[in-house]
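Me: Please take a close look at one part of this model and walk me through it. Keep it brisk, and set it in the context of the chain.

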Amino acid sequence: MPNPSHQTENVAIFSEEIQLSMQRSFTSKIAAGSQGPCNMNRTLVLKQEGKMSDDRQDPELHKIFDRFYVLVAQETRNSTKAPFKYFSIDGILTYQPFHDDFGPLSLGSIAQFCTLVNDQLQRYPGIPIAMKTQEESKALTNAVFLVGAYMIMHLGLDPEQVETRLHGLSHLLLSFRDISPGPQNFSLLVRDCWAGLWRAKSFRWVDFARGAFDRDAYEHYASPLNGGIHDIVPGKFVALLGPKALPDGQQWKDIRDLDGRFIRRDFSPEFYAEFLHERGVRAVLRLNAPEYPADALAGFAVADLGFGVCAPPPADVV
């Protein structure tokens, strides 16, 4: 997260939409007994699959840049020919869906992928490196997005150059969709996501230079178990899960179904207040029906610009 000392005149955005998009795969992180906001640090084990094909004309093998290739293969395929070194992100960098959504992956995943690629290139100097990915369209789309993100963040390519490098895979890609079930009324293409990342980099809203991006802090705050906090525009906008009024002064509460299964974690406005003050936030915009009194956020200007959950904001709200 950017240095709090740089945060002035911030606006916090509370939205149920953010909450819905993040309450997906965290049940396994909650033990039978309640536990507080959690530490999201993780240990990564990379799938290294050894030597691979010397046939660089393999139609499933796509050269992307320098020594880096992408192999699109069936999940069960076991290639072991020299001189390639293969690695896979299957089961390591995955998107956990809420409904029919399947991506794109987060900034934390992009940063992790960039570290993996750099590690492979440095570990095997002079040897071609290939990332093996599944033929399944959703997994392939996310993998191609990450490769393009690497080229933007580490090679300095713009979205058009990235799209040219990955043209041989473009016909296999899907359009991303939001978390709403049913038919979509828009298409979010991989190139749209690259364009957004490139713009954010050009404005220095995201920077993967050494020490500039703290992935552990990003994933800690982004977790819906820790408040679901995101910098949208550093120094200007912070997005958070919508707080709820909780009984007996509780700052957070785990919500479970009748069988005791974890559903989500709710947070009180008081949980966020200290953090928002530290970030220099002065105003709060509530984008859904408020579930707490405005005076619970003492010291902040509070405005309501509500609209439907999982719906685009109407023109008057914009």
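Reply: A helix here is a DSSP run of H or I with at least four residues, a strand is a run of E with at least two, and both are numbered from the N terminus. The model is predicted. By that count the chain has 7 helices and 12 strands. I will concentrate on helix α3, then on its partner α2.

Helix α3 covers residues 137-154. At 1.5 Å a residue, its 18 residues should span 26 Å. The C-alpha atoms at its ends are 26 Å apart, so expectation and model agree. Each end has a feature to look at. At the N-terminal end, Glu-136 acts as a cap. One of the Glu-136 side-chain oxygens lies 3.0 Å from the backbone nitrogen of Lys-138. After the helix comes Gly-156, with a positive phi near 75°.

Now burial. A residue counts as buried under 20% relative accessible area. In α3, 14 of the 18 residues meet that test, so the helix is largely enclosed by the rest of the structure. For the whole chain of 318 residues, 45% count as buried.

Part of the surroundings of α3 is helix α2, residues 107-123. The 17 residues of α2 should span 24 Å at 1.5 Å each, and the end C-alpha atoms are 24 Å apart, which agrees. Helix α2 is also largely enclosed by the rest of the structure, because 12 of its 17 residues are buried. Among them are Gly-108, Ala-111, Gln-112, Leu-116 and Gln-120.

How do the two helices meet? Their axes come within 9 Å and cross at roughly 80°. That makes α2 roughly perpendicular to α3. From α2, the residues in contact are Ser-109, Ile-110, Phe-113, Cys-114, Val-117, Asn-118 and Leu-121. From α3 they are Phe-145, Leu-146, Val-147, Ala-149, Tyr-150, Met-153 and His-154. Compare the burial list of α2: Ser-109, Ile-110, Phe-113, Cys-114, Val-117, Asn-118 and Leu-121 are buried. An α-helix has 3.6 residues a turn, so residues three or four places apart point the same way. That spacing is worth tracing along the contact residues.

The approach to α2 has its own feature. Pro-104 sits in the loop between β5 (84-88) and α2. A cis peptide bond joins Gly-103 and Pro-104, with omega about 0°.

Elsewhere, a hairpin deserves a look. Strands β3 (residues 61-65) and β4 (residues 68-73) pair in the antiparallel sense over 4 bridges. Phe-65 has Phe-68 in β4 as its bridge partner. Strand β3 is mostly covered, with 4 of its 5 residues buried. Two strands, one turn: 2 residues separate β3 from β4. Asp-66 lies in that turn, with a positive phi of about 45°. At 60% relative accessibility, Asp-66 counts as exposed.

Asp-248 is another residue other than glycine with a positive phi, near 60°. Its place is the loop between β8 (237-241) and β9 (252-256). Asp-248 is exposed, at 79% relative accessible area. Most residues other than glycine have a negative phi, and most peptide bonds are trans.

Last, the chain as a whole. Take contacts with a separation of 6 or more: residues 24 or more positions apart account for 72% of them.

Technical notes. Residues numbered from 1 in each chain as written. Predicted model: local features only at pLDDT ≥ 70, side-chain atom pairs only at ≥ 80, totals over all residues. Heavy atoms only, no water. Expected span 1.5 Å × (residues − 1). Buried < 20%, exposed > 50% of the residue type's maximum accessible area, 1.4 Å probe, protein only. Polar contact = N/O pair within 3.5 Å; in protein donor to acceptor, adjacent residues only side chain to side chain. Pairing = 2+ DSSP bridges. Axes fitted to C-alpha atoms, helices over the stretch in contact; angles between N-to-C directions. Parallel < 35°, antiparallel > 145°, perpendicular 65-115°, else oblique. Contact = heavy atoms within 4.5 Å.
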